[in-house]
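Student: Got a minute to go through this one with me? I'd like to walk through the fold piece by piece.

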Amino acid sequence: MSGAAEANESNNDRGDYLRRILSRETHSARSGAAVVAAILVAAGAVYALLEMTLGALGQPAWLLHPMEAAERIAGLPGATPTPLLGAAGALVALIGLIFLCNGLLPGRRARHVIAHPRVAIVVDNEVIASALAKSARMAAGVTREQVMVVVSARTVQVNVRPTSGIRLSEDGIRAAVEAELNAMALEPAPVVTVNLAESGVIGV
């Protein structure tokens, strides 16, 4: 019993380790945004400390004393031109939105996981798109230039331009792409959509 329990615990530890690796490889790190935010906050604190030190020593402000800056902000809009004030507000709102989205959105990389019980397999979406485009091309009987596949986290969009005068089966192309996806065993499994262009190309 003890041997079985140790084996189960070892398998659980290995599973947790693989999940951590896969999460790190499929999600972008937030360290860049955190470093930028820390630098901005530190720069603001150092500047405020410098100005307050100069004020305590009776020296003129280097740029603008924090208290004077607070008074000017409280007195807005005052004589400040409206376009300039609007542009500054939009810039501040944009910066805040970038940091908010970076903190709330999942931040997935353009990668998918291939299900495997023992190893961690991560594949770029471009590689998946290339394999699916080959399957779609063979099912449609068209050239490489007539097929474009876009792979995202949840969907696979197959765009096909048929050869003029040749009718293509949308269901057949979708079935071929879905069969290739099933063979890959991607996680999460994306949904396939096929778009056939209304205008065809002249066959060679």
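Tutor: Sure, and one term before we start: two strands count as paired if DSSP finds at least two bridges between them. With that in hand, a hairpin joins β3 to β4 through three residues. Keep in mind that this is a predicted model.

Student: How many bridges are there between β3 and β4, and in which sense do they pair?
Tutor: Five bridges, and the pairing is antiparallel. One pair to look at is V151, whose bridge partner in β4 is V156.

Student: Which residues of β3 are on the covered face, and which on the uncovered one?
Tutor: V147, V149 and V151 are on the covered face. M148 and V150 are on the uncovered face.

Student: OK, zooming out. How many helices and strands does the protein have?
Tutor: Six helices and six strands. Along the sequence the pattern reads α-α-α-α-β-β-α-β-β-α-β-β.

Student: And what share of the residues is buried?
Tutor: Buried residues come to 19% of the 204 in the protein. As for contacts with a separation of 6 or more, 59% of them are between residues 24 or more positions apart.

Student: Back to the hairpin strands. What is the strand order in the sheet that has β3 and β4?
Tutor: The order is β3-β4-β6, an open sheet of three strands with mixed pairing. β3 and β6 (191-196) are the edge strands, each pairing on one side only. On average, neighbouring strands in this sheet are turned by 15 degrees against each other, ignoring direction.

Student: Which strands of that sheet does α5 touch?
Tutor: α5 touches β3 and β4, and its direction makes about 145 degrees with that of β3. α6 packs on the sheet too, touching β4 and β6, with its direction at about 145 degrees to that of β6.

Student: Let's stay on α5. What is its span from first C-alpha to last?
Tutor: It reaches 22 Å over 16 residues, 125-140, close to the 22 Å expected at 1.5 Å a residue. Right after α5 comes G141, with a positive phi near 70 degrees.

Student: Which residues of α5 are buried?
Tutor: N125, I128, A129, L132, A133, S135, A136, R137 and A140. Those buried residues pack against β1 (111-114), β2 (121-124), β3 (147-151), β4 (155-160), α6 (170-184) and β5 (186-187).

Student: What about the geometry with α6: what angle, and how far apart are the axes?
Tutor: The angle is about 145 degrees, and the axes are 8 Å apart. α5 passes α6 in a right-handed crossing.

Student: Which residues meet there?
Tutor: From α5 you have I128, A131, L132, S135, A136, A139 and A140. On the α6 side they meet G172, I173, A176, V177, E180, L181 and M184. By type, the contact of α5 with α6 divides into 11 nonpolar residues, two polar and one charged.

Student: Changing topic: what is the order of the sheet with β1 in it?
Tutor: That order is β2-β1-β5, an open sheet of three strands with antiparallel pairing. Its edge strands are β2 and β5, each pairing on one side only. α5 packs on this sheet as well, touching β1, β2 and β5, and its direction makes about 75 degrees with that of β2.

Student: How many bridges join β1 to β2?
Tutor: Four, with the strands running antiparallel. I114 stands opposite I121 in β2.

Student: Why does I121 count as partly exposed?
Tutor: Because its relative accessibility is 28%, and partly exposed covers the range between under 20% for buried and over 50% for exposed. I121 is also 65 residues from L186 in sequence, with their C-alphas 9.8 Å apart in space.

Student: Last one, G165. Where is it found?
Tutor: G165 is in the loop between β4 and α6.

Student: Why is G165 called exposed?
Tutor: Because its relative accessible area is 85%, and the cut-off for exposed is over 50%. G165 and I202 are 37 residues apart in sequence, and 8.7 Å apart in space, C-alpha to C-alpha.

How values were computed
Residues numbered from 1 in each chain as written. Predicted model: local features only at pLDDT ≥ 70, side-chain atom pairs only at ≥ 80, totals over all residues. Heavy atoms only, no water. Helix = DSSP H or I, 4+ residues; strand = E, 2+ residues; numbered from the N terminus. Expected span 1.5 Å × (residues − 1). Buried < 20%, exposed > 50% of the residue type's maximum accessible area, 1.4 Å probe, protein only. Contact = heavy atoms within 4.5 Å. Axes fitted to C-alpha atoms, helices over the stretch in contact; angles between N-to-C directions. Left-handed = near helix turned anticlockwise from the far one by under 90°. Nonpolar A, V, L, I, M, F, W, Y, C, P; charged D, E, K, R; others polar.
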